[in-house]
Every structure is written in C-alpha cells, then in structure tokens.
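The following exercises are to be worked through with the sequence and the model in view. Each task is followed by a solution in steps.

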Amino acid sequence: SSSSSSSSSSSPPASTAMAASIPHQATTTPSPLSSSSSSVPAPPPSSSSASSSMSWSRGLPMRIPTHLRKKLVIFDFDGTLFRTPLPPSWWSYRWWDNPDSLNPPTVPSEVDGGWWVEHVVRDALRAIDDPDTIAVLMTGRKELLFRTRIEGLLQQAGLDGFDWVFLNDDKKHTSATKCNQMRKILTANRHVNEVHIFEDRYMETYTDFLSHLSESNALGRRLTVVPHDIKEKPNPPQCAPKDFKYALGRADLMDVTSADEIESIMPGLVDDTKREKQNEEAHLAAYHITCMRCRRKHHRV
C-alpha cells in the first residue's frame, strides 16, 4: 500500500505493545539499516497444493513450518516501513503505480537510515526472528513493476527474511487484494490465532474483515486482531519537474523545466489525488455492505 499521510507523530502505543508481545531471540540481529545482508538459503521444494506451498518460510527453511506457527504479523511498505515520498505538488501524472515514484531521482538507489521508519523496522526484525511468527510484507505496488526494487530496498535494511513478500498481481483495489491474501494465509495455516497489522491506511477495513472471519467462524476458530496504525512523515522527493521529461515519454518536453509548462503540454493527465479518492469510493461500494439489522457497514466476504 502507499502512504497518504504527511503528519509526523511519535511511535504509537500499539507498536510498543508489539515489541513486548513478540520476544526478541538471543541470537544477534543484523543492523536494521545495514547496506547489505548475507544471502538467504533457498526454500525446500513445495508441492502443487495451495496449503503445502504456503507451509514453509520462503527465506528461512530451518524455522518451524508456517502451518504450525500461532502468530501472523503483516507489514505494509509505503508509509509504514518506508518513508516513501508523496507526489510533488507539480506532479500531475499517475504516481503509486509509476516506477519513478520509488526509483532515482525520487528515491536514491542506496538509501540511508533516514528513509526507514526505525521503530517499525525493529518490530519487523523481531517478527522475523520469532520462530512462532509468520512475518509477511504486503504492498499494493504492482508485481511486475516493483518486485525487484522493493526486495532490493528490503535487503539494504536487513529485512530480507520475511516469510512472504506479496505485491499486487491483479487489478483489484489494494485493500481487496490484501484481504484476499490474509484469507489465504489464515486458511492454509490453521494454528494462527493472533494477527498483528502494521498499516498507515485502510486499517478499519482490515480489522473489520478479520473480525468478520473470526465471528462468522469461517476459519473454524477465533482470532485476536491487534492493529498498529502508523502515521509517519514521508520524505520529500529528491527530484524536480525537469527530471521527468523522459519518464513522461514526450519528445516535446525535452526543454520543459516548470510545472506550468508540463500542464500546458499535457492537459489530459489524471490528478493522482482525485484518482485516489475515486478508488476509495469504489472500494467502499464494492467491498462493504450495509447490515439490515444494525445499519452499519460490514466487509463483503
């Protein structure tokens, strides 16, 4: 998922609770902001069945098989782990599904500690180290456009031990894709009874969805859901309008240096903020229904 918050706040109490609920092992943890990490061993062969393919950690095959673990911890990327820049005021093109939003010059190839939300990185490392936890990264970024870049950034921070890194490989809204991924993990790993979610947006959607799965007995067990709502200040983009004349794919922008010139040449571009609002409205209409008994909106399962 991508960050939409620009406000700065201190570490939320939920994250402190998370640090207490996920014990740190005695083994030495790599620096969360290291520029490199050791190679990760290959996973064991997986079977053709869906449940079997989700029963082992992709990065750490010597850990407890995931289908025996009791805790699921989910981390978002943009705005949660990583201080991804918001679209500049002069930008009038698609942002979150544009590789330029996460690559140079917007974000340096090699990032330092200032690009990471350090308290969330620490929580992620604790989750990865906990043998009884399934640690997962979920992002709405497109699979084909961002897999290599995101995994490269995770490796720079020593976060390449996630059991799974899920990107969006369909055309659904980010929240719908993540809910579907959660359901698959919980169905395949029947010992999980506690779910922690680190997110900067759509938190109510995820907690409602998981609460419904729990209360409806769709999983055959009850879940304890712990939200960790992250609101951190994003980093400013390291770019200017002139940096994107090639990315916009227009030969007539070769000498363009101002936002006004871009707007005058490309008047048909969709404003990213308006698109986000339209997507949110479509999401609420498609994935929520109004209960006839209590008149509240519930997630459509």
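**Exercise 1: An aromatic pair between strands**

Phe 198 counts as buried, at 0% relative accessibility; buried means under 20% relative accessible area, exposed over 50%, and partly exposed in between, with a 1.4 Å probe and protein chains only. The model is a predicted one, in which local features need pLDDT of at least 70 and side-chain atom pairs count only at pLDDT 80 or more, while totals for chains, interfaces and linings use all residues. Residues are numbered from 1 along each chain as its sequence is written, and side-chain values use heavy atoms, with hydrogens and water left out.

Task: determine how many aromatic pairs there are, and describe the pair of Phe 75 and Phe 198.

Solution.
- Step 1. Rings of Phe, Tyr and Trp (its six-membered ring) pair if their centres lie within 6.5 Å; planes under 30 degrees apart count as stacked, over 60 as edge-to-face and the rest as tilted.
- Step 2. By this rule there are nine aromatic pairs.
- Step 3. Phe 75 and Phe 198 are stacked, with 4.5 Å from centre to centre and 20° between the planes.
- Step 4. Phe 75 belongs to strand S1 (residues 71-75) and Phe 198 to strand S4 (residues 194-199), so that distant parts of the chain, 123 residues apart, are linked. Helices (H or I, at least four residues) and strands (E, at least two) are DSSP runs, numbered from the N terminus.
- Step 5. Phe 75 is buried as well, its relative accessible area being 0%.

**Exercise 2: A pair within one loop**

Task: classify the pair of Phe 77 and Trp 116 and state where its two residues lie.

Solution.
- Step 1. The pair is edge-to-face, at 6.3 Å centre to centre and 85° between the planes.
- Step 2. Phe 77 and Trp 116 both lie in the loop between S1 and helix H3 (118-129), so the pair ties together parts 39 residues apart in sequence.
- Step 3. Phe 77 is buried at a relative accessible area of 0%, and Trp 116 is buried at 3%.
- Step 4. Ring pairs join Phe 77 and Trp 116 with Phe 82 and Trp 115 in a cluster.
- Step 5. The loop between S1 and H3 also holds Pro 105, which a cis peptide bond joins to Pro 104, with omega about 5°.

**Exercise 3: Helix H4 and its surroundings**

Task: identify which residues of H4 are buried and what Leu 154 touches.

Solution.
- Step 1. H4 has 14 residues and reaches 19 Å from first to last C-alpha, close to the 20 Å expected at 1.5 Å a residue; the expected span is 1.5 Å times one less than the number of residues.
- Step 2. The buried residues of H4 are Phe 146, Arg 149, Ile 150, Leu 153, Leu 154 and Gln 156.
- Step 3. An α-helix has 3.6 residues a turn, so residues three or four places apart point the same way.
- Step 4. Strand S2 (133-142) and strand S3 (164-168) are among what covers the buried residues of H4.
- Step 5. Leu 154 is located in H4 (residues 143-156) and has a relative accessible area of 3%.
- Step 6. Beyond residues up to four places away in sequence, Leu 154 touches Phe 77, Trp 116, Leu 137, Leu 159, Asp 160, Phe 162 and Val 165; contact means heavy atoms within 4.5 Å.
- Step 7. Phe 146 has the charged end of Arg 141 over its ring, 4.6 Å from the centre; such a charge is NZ of Lys or CZ of Arg within 6 Å of the ring centre and within 35 degrees of the ring normal.
- Step 8. After H4 comes Gly 158, with a positive phi near 75°.

**Exercise 4: Positive phi outside glycine**

Task: decide whether Tyr 202 and Asn 217 are buried or partly exposed, and locate each residue.

Solution.
- Step 1. Tyr 202, whose phi is positive and near 60°, is in the loop between S4 and helix H6 (203-215).
- Step 2. Tyr 202 is buried, because its relative accessibility is 12%.
- Step 3. Asn 217, with a positive phi of about 60°, lies in the loop between H6 and strand S5 (224-229).
- Step 4. Asn 217 is partly exposed, because its relative accessibility is 49%.

**Exercise 5: Helix H5 and the whole chain**

Task: state how many residues of H5 are buried and what share of the chain is buried.

Solution.
- Step 1. Eleven of the 15 residues of H5 are buried, so the helix is largely enclosed by the rest of the structure.
- Step 2. Among these buried residues are Cys 179, Met 182 and Ile 185.
- Step 3. Of the 301 residues of the chain, 47% are buried.
- Step 4. The chain has eight helices and seven strands.
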